[in-house]
Amino acid sequence: MHSIFRHTTFAISLSFVSTAVALSHYAPHCTAGDPCWPSATSWAHLNDTLSGRLIRSLPAAAACHDPYYDAAACETIRANWTDPNWRSDTPGAYQDTAWENGDEPCYVDGPQNVTCQQGLVPYYTAAVRNVEDVQAAVKFARENKLRTRTKGAAHDYLGKSSGKGSFGIQTIHMKGITFEDDFVLSGCEGPTEKALTVAAGEHWYDVYKAADAHNATVVGGAAISVGAAGGWALGGGHSFLSPQYGLGVDNILQFSVVTADGETKVVNECQDTDLFWAMRGGGGGFAVTTSVTYRTHPPLDNITVVLLSVSVAPDALTSTLVEFLDLQPALADANLFGYSYVLPPNNITAVFFYPNSGANCASANATFEPLFQYAQEHTGQVEVLTLSDTFPSQLALFDTYIPPERQGTASIVGSRLFPRSAFESSEGTQKLAEYLSGLSTSDAFAILHLVGGGKVNEPAPDAMGVNPSWRTALEHVLISNSWNSTTSISDRDKIRESLTEKTQELARLVPGMGAYANEADVNEPEWQKTFWGDNYERLLEIKSKYDPTGVLTCGRCVGDDIFGS
Ligand SMILES: Cc1cc2nc3c(=O)[nH]c(=O)nc-3n(C[C@H](O)[C@H](O)[C@H](O)COP(=O)(O)OP(=O)(O)OC[C@H]3O[C@@H](n4cnc5c(N)ncnc54)[C@H](O)[C@@H]3O)c2cc1C
């Protein structure tokens, strides 16, 4: 179990108990160091089967520390420490170092003579290249009762792709992007759709480049290094195109997978429909995805981007935030979506996207008129700067405004989904504004994701496994805090505890709403209900059907309460 999972307050309902009984033949996992851990000979056989692609994985900075010190390797690590693609590719590296280290710090800037321990990094990793490799790894894990961790691009904020004493399955080297104009679901007779199939290891940026060349638009993540067919797709997948075309899961036509018995399946609306229901938003742990097929959309005519910087006198932050929050439904109605960073004590910085705007910066800017007006009425206290620009395509926009992220820091996040009604009541916006302006720089900073409404709200709450709260959400409000290599474990724990308290304060503003399972607090007290609401019970039943012995596990995934993380 990850040592930071402190809350075990989940009240098990009777139906969960019956599923637990169905899983009663489940026996604890065998983890590294246990007497039941496979012998060196068994691992060597697996390595042969994988054509030498079994790796003894260590935390990313291990080669900069004794006893693993290697000057040349350490130089490479230093040069690449913040590079998200290097982090995806390196078996023991995660985008967020918290999920490498656990309670055993191993930082690139630490002294050479401080030994790195194993931390949360899987002891061995199968760096799979094809479906057969995945099958071999899953079968080996099942036979040896290992705790597996599937790692795609390694972005998970809850550390779902690492785990102490586990066996890793790294899918990032499974590449391939193909387009079909007359795609038909396997096992169905029709109709045909324009579709794109992405192998498990692709990053969004490469998919955007391919889609651009193919004259197509695909709903994908706002960060170019996020995996296009891994955790993003399984947990929900929001995008600034979601209000127009739905969440990622609303655009998935089918998955190709390896199930916990080591067999391959193609799951969609015609085959293994329950698994298809679960994998669209239920998160990892149902099967290993080898590829995802998405519906594509016509190319965007153009896309206008509005950059906004609102600087205020500190005592004007709450009232300015009220103006800004009141504006959110109007922005959504005008088809402007995006991300706003609230940076107390005195700044809101936002980027909004206006797809198919008719190349019209003026109309985009006009939507912010009430905010400009407010700034004029409060000269000297509130200043709003805007910059708008229009791009011919999604790719051109990403190339200019969404550079590769810098990774390799340690952080924690918490969140809640907010319905439109929260922005339509003056009491609602006042309370949220007070909450946001009350965050001190040592508490956290907040990002408002205006990515809901529209098509996101159309499907029924139980249409698929994703959190039903998405179906009423207009915004995903996230708070985040971080620490560094000089932070002690006890200070880190205080940061995490404070973030959890702040997250629960946020939750009290929207009772009954849940959180986005991919970007949420790992210490949520009732995470099953918060991440999946009324869908959790069915998700657990499907998990128990397809993986009754818990071969495919991940922390804070469906069934984690039974199989352990
Ligand atoms: C910089 C950054 C930007 C982000 N931007 C967005 C955004 O715009 N929209 C959004 O919705 N989210 C965003 N996220 C959150 C993102 O959706 C999650 O972090 C997601 O888990 C990332 O998936 P991954 O495959 O990259 O991560 P990983 O850590 O590799 O995997 C996460 C989870 O997915 C499972 N998994 C991965 N690959 C497979 C597979 N092949 N088969 C089965 N299970 C698998 C793992 O078991 C694990 O549970 C962002 C995160 C970061 C760090």
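The exercises below deal with the ligand, the pockets, the cavities and some backbone features of one predicted model.

Local features need pLDDT of at least 70 and side-chain atom pairs count only at pLDDT 80 or more, while totals for chains, interfaces and linings use all residues. Residues are numbered from 1 along each chain as its sequence is written, and side-chain values use heavy atoms, with hydrogens and water left out.

**Exercise 1. Describe the shell around the ligand.**

Solution.
Step 1. A residue belongs near the ligand if one of its heavy atoms lies within 4 Å of it. There are 31 residues around the ligand, and the closest are Gly 152, Ser 161, Ala 222, His 238 and Tyr 516.
Step 2. Sort the shell by class: 13 residues are nonpolar, 14 polar and four charged. Here Ala, Val, Leu, Ile, Met, Phe, Trp, Tyr, Cys and Pro count as nonpolar, Asp, Glu, Lys and Arg as charged, and the others, Gly among them, as polar.

**Exercise 2. Find polar contacts of the ligand with the backbone, then state how much of the ligand is buried.**

Solution.
Step 1. A polar contact is a pair of N or O atoms within 3.5 Å; within protein, one must be able to donate a hydrogen and the other to accept it, and residues adjacent in sequence count only if both atoms are side-chain atoms.
Step 2. A polar backbone atom of Ala 222 is 2.8 Å from an oxygen atom of the ligand. For Gly 227, a backbone N or O atom lies 3.4 Å from a ligand oxygen atom. A ligand nitrogen atom is 2.8 Å from a backbone N or O atom of Thr 289.
Step 3. The protein buries 95% of the 940 Å² that the ligand exposes when taken alone. Such areas come from the Shrake-Rupley method with a 1.4 Å probe; for residues, only the protein chains shown count as cover.
Step 4. Strand E3 (148–151), helix H8 (231–235) and strand E9 (288–295) are the elements that give two or more residues to the shell. H8 gives the most, with three residues. Helices (H or I, at least four residues) and strands (E, at least two) are DSSP runs, numbered from the N terminus.

**Exercise 3. Which residues line the largest cavity, and what is its volume?**

Solution.
Step 1. On a 1 Å grid over the protein atoms alone, a cavity is a set of points where a 1.4 Å probe fits but cannot get out, and a pocket is an open set with protein on both sides within 12 Å along at least five of seven lines; lining residues have an atom within 4 Å of a point. Grid points are joined across faces, edges and corners, and a volume is the space filled by probe spheres set on the points.
Step 2. Three cavities of 30 Å³ or more are present. The largest has a volume of about 80 Å³.
Step 3. Its lining consists of Ala 98, Asn 101, Gly 102, Pro 105, Tyr 107, Ala 410, Trp 483, Thr 487, Ile 489, Arg 492 and Arg 496. Six of these are nonpolar, three polar and two charged.
Step 4. H18 gives the most to this lining, with three residues.

**Exercise 4. Locate the cis peptide bonds before Pro 67 and Pro 345.**

Solution.
Step 1. Asp 66 and Pro 67 are joined by a cis peptide bond with omega of about 0°. Pro 67 sits in the loop between strand E1 (54–56) and helix H3 (71–80).
Step 2. Pro 344 and Pro 345 are also joined by a cis peptide bond, with omega of about 15°. Pro 345 is in the loop between strand E11 (337–343) and strand E12 (347–355).
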